[in-house]
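Here is a short briefing on a two-chain model. Keep the structure open as you read.

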Amino acid sequence: MSTLATQITTAEVSEIRHRRIVDAVIEKVIYTSAFVSITIIFLIFLYVGKEALPVFTSAKVHEEVTLKMMFLPQHYGTAEAPVSYMWQPISQVPKYSLAPLLLGTFKVTLMAMLFATPLSVFAAIYTTEFAPRWLREIIKPAIELLAGIPSVVLGFFALIVLASWVQKIFDFEYRLNAVNAGIALGLAVIPVMYTIMEDALTAVPRKQRDAARALGATPWETAWKVVLPSALPGVLAGFILGFGRAMGETMIVLMASGNAAITSWTFAESVRTLSATIASELAEVVFGSPHYHVLFFVGTLLFAITFILNWLGTTIVGRLRRKLTGAIA
Amino acid sequence: MKRRIYDRTLVTLTGVSVLVILMLLAVVLGNIVSNGWGKITWEFLSGQPREGMTQGGIFPAIFGTTLLVLLMTVFVVPLGVCVAIYFSEYANRTSWLYRWSRSAVDNLAGVPSIVFGLFGLGFFVQSVGRGVDKAFFGGRLNYGQPAIIWAALTMAILTLPVVIVSVEEALRAVPQSFREASYALGATKSQTIFRVVLPDALSGVLTGGILAVSRGAGEVAPILFVGAAYFLPHLPSKLNDQFMELGYHIFVLSTQSPDVEATKPLLYATVVVLLGLTFLLNILAIAVRARLRIISGGAR
């Protein structure tokens with residue numbers, strides 16, 4: 001031992017010390033970067049929320065709008081006027097009811113999900129259960145291609161081309177409406193849902209399929225009654241994450257929905273969503289005005305809703321992965 | 001027999017769903033390319049817009065988009081790589097830092113792009129920008145306004161999860177034996193990571209960067225309030241300049257043009273350029289990733 005110790009020179013000792021310091025510094029940098037990613041989420045909450053806070057606290061904002069006015073029906077004009085919901089922030093008497101925006105968001109999202117969900121579920125089943133290998137190699141890149149189309153391009157297509165087709169087919173009075181925006185939005189949602197659902201179906205162990213077939217189930221029965229139920233949490237997660245994506249998507253609805261804040265249940269009329277409202281109004285708003293703060297409040301609302309949906313979706317996916325990998329072992 | 005027909009019908013139905021999706025994709029791409037392809041000339045790609053955007057080219061928008069994504073890459077790749085290294089090499093799976101940062105990255109991927117726009121305005125422009133003005137310019141307005149640097153930073157945050165996911169995937173594909181061999185030769189942890197693991201996962205870093213650029217080039221909502229402009233007489237030359245951008249150009253041109261029919265031909269051509277750019281980047285990413293698979297597959 002002593003001879004070994006004498007062989008280490010002072011130069012080598014300082015070299016080793018130097019390496020230790022470098023190692024420790026790099027480790028700190030790496031850990032800090034992970035911490036930064038957490039900080040970013042908090043900063044988003046903080047800074048979007050901070051600009052929304054005056055909606056709750058500022059007396060100046062409350063002269064024009066209160067939380068009650070945003071969610072409950074109001075008498076506009078005279079006290080005898082019937083109650084209604086209106087979003088008209090730039091008028092003599094600014095009106096800030098969120099009801100038309102919430103309803104609009106709901107209508108477009110519902111339309112998109114009605115269009116995209118059956119297509120995604122069936123396409124995912126076909127890819128994992130029935131498609132020959134060569135076809136699978138075509139479908140997957142095609143879906144990736146669809147995912148790669150920028151939303152502004154889908155919005156453009158819906159505005160210039162799709163709107164005229166939809167109007168002609170359904171004989172709508174207005175060119176831009178919830179159906180048109182919903183279909184375009186569905187195109188953006190399909191890749192999100194398909195990818196997650198396809199993953200979930202693929203993760204179902206081969207044995208379950210073999211067992212079902214051995215018991216005399218047809219290919220369809222195997223897919224529908226064995227594989228799909230087994231992957232149901234993943235399919236549900238795909239739906240939830242797709243829903244979140246549809247709610248938050250901006251450019252497509254901004255361009256294809258017509259943006260009129262109308263409180264009605266018909267899909268044939270133009271709609272204005274939460275996201276499109278922010279996008280079209282924030283650029284022209286007076287900094288620090290009640291309108292400005294209300295738009296940030298709308299943003300916070302949108303963030304909170306999608307955050308919950310995402311958390312739900314990723315939790316389900318994580319749980320499913322653990323369950324299925326446990327089942328194989 | 002009846003059961004078999006029923007069965008076949010439903011199987012066919014799932015196949016039809018795939019067909020519908022593929023057809024929709026073909027219709028969208030076919031319509032855009034057939035209407036826009038013929039208008040793409042050298043003059044269009046290199047010229048300035050003229051006569052209310054009905055003539056001339058889109059060079060400033062191409063330049064602005066390129067500059068934006070390059071700046072974005074400078075911010076997002078180093079941070080993304082560091083977080084991915086943490087996830088793959090350092091993280092203790094049960095620690096609070098791992099669980100919180102993992103869920104932060106997951107959730108960041110789902111934040112609506114318009115919320116990033118609000119954040120960019122509230123944080124970068126109003127807080128950081130104003131702060132910089134106060135500290136270095138005596139309160140004069142320099143950085144406390146929409147600018148390309150804030151747009152690039154906002155976009156970097158938006159694309160961070162994209163980079164992390166693909167870098168982490170590449171790091172995990174590096175065989176454990178590489179790390180063990182490196183330690184056995186007396187290398188420290190950081191030496192192992194930066195001289196053995198990361199070089200082997202370089203194509204993953206590249207893929208992440210390319211995918212982030214492709215995503216960044218296509219997003220419009222985040223930059224609506226933080227620096228994109230409809231028309232500028234000069235190209236951006238300073239970090240606090242505003243800029244023109246392809247996606248934003250498409251948006252404004254198709255929604256706010258006084259004469260849509262007159263702008264339509266060039267509008268279609270602009271869409272083809274943007275689509276071509278993002279697809280090219282995506283295909284590049286797929287090719288690099290495929291190479292990665294072959295290499296790491298061979299190593300085992």
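The points below go from whole chains to single residues.

This is a predicted model. Chain A has 15 helices and four strands. Chain B has eleven helices and two strands. The two chains touch: 63 residues of chain B are in contact with 68 residues of chain A.

**Chain A as a whole**

- The radius of gyration of chain A is 27 Å, while the globule rule gives 20 Å for 329 residues, so chain A is more spread out than a compact globule.
- Measure the C-alpha trace of chain A along its principal axes, and the span is about 100 × 65 × 35 Å.
- Buried residues account for 47% of the 329 residues of chain A.
- Many contacts in chain A bridge long stretches of sequence: of those between residues at least 6 apart, 73% join residues at least 24 apart.

**Chain B as a whole**

- Reading from the N terminus, the elements of chain B follow the order α-α-β-β-α-α-α-α-α-α-α-α-α.
- The C-alpha trace of chain B spans about 80 × 70 × 35 Å along its principal axes.
- Chain B has 300 residues, and 48% of them are buried.
- Of the contacts in chain B with a separation of 6 or more, 77% are between residues 24 or more positions apart.

**Where the chains meet**

- On the chain B side, 63 residues are in contact with chain A, and on the chain A side, 68 residues are in contact with chain B.
- Several helices of chain B each supply at least two residues to the side that touches chain A, among them α1 (2–36), α3 (59–90), α5 (113–136) and α11 (260–299).
- Which helix gives the most to this side of chain B? The answer is α1(B), with 17 residues.
- The residues on this side of chain B divide into 40 nonpolar, 19 polar and four charged.

**The nonpolar core**

- The largest nonpolar core holds 191 residues.
- Helix α6 (residues 148–173) of chain B gives the most to this core, with 18 residues.
- The residues with the most contacts inside the core are A:A158, A:A184 and A:I252.
- Leaving out residues up to four places away in sequence, A:A158 touches seven listed partners in chain A: A:A163, A:N180, A:A181, A:A184, A:I252, A:M255 and A:A256.

**Two helices of chain A**

- Helix α7 (residues 133–148) of chain A has 16 residues. From its first C-alpha to its last, α7 of chain A reaches 23 Å, close to the expected 22 Å.
- The buried residues of α7(A) are A:I143, A:L146 and A:G148.
- Helix α14 (residues 274–281) of chain A is mostly covered, with six of its eight residues buried.
- Those buried residues of α14(A) are A:L274, A:S275, A:A276, A:T277, A:I278 and A:A279.

**Loop residues of chain A**

- Most residues other than glycine have a negative phi.
- A:D171 has a phi near 60°, a positive value in a residue other than glycine. A:D171 sits in the loop between α8 (151–170) and α9 (178–202) of chain A.
- Is A:D171 buried or exposed? A:D171 counts as exposed because it has 8 C-beta neighbours inside 10 Å, and the cut-off for exposed is 12 or fewer.
- A:N259 also has a positive phi, near 60°. Its place is the loop between α13 (251–256) and α14 of chain A.
- A:N259 has 21 C-beta neighbours inside 10 Å, so A:N259 counts as buried. The cut-off for buried is 20 or more.
- A:E63 lies in the loop between α4 (59–62) and α5 (67–71) of chain A. A:E63 counts as exposed because it has 9 C-beta neighbours inside 10 Å.
- A:E63 and A:A276 are 213 residues apart along the chain, and their C-alpha atoms are separated by 26 Å.

**A residue in chain B**

- B:F194 lies in helix α8 of chain B.
- B:F194 has 15 C-beta neighbours inside 10 Å, so B:F194 counts as partly exposed.
- How far apart in space are B:F194 and B:I85? Their C-alpha atoms are 9.9 Å apart, although the two are 109 residues apart in sequence.

Methods:
Residues are numbered from 1 along each chain as its sequence is written. Chains are lettered from A and ligands numbered from 1 in the order in which they are written. This is a predicted model: local features need pLDDT of at least 70, side-chain atom pairs count only at pLDDT 80 or more; totals for chains, interfaces and linings use all residues. The expected span of a helix is 1.5 Å times one less than its number of residues. Ala, Val, Leu, Ile, Met, Phe, Trp, Tyr, Cys and Pro count as nonpolar, Asp, Glu, Lys and Arg as charged, and the others, Gly among them, as polar. The radius of gyration is taken over C-alpha atoms; the globule rule is 2.2 Å times the number of residues to the power 0.38. A nonpolar core is a set of buried Ala, Val, Leu, Ile, Met, Phe, Trp, Tyr and Cys residues joined through C-beta atoms within 7 Å.
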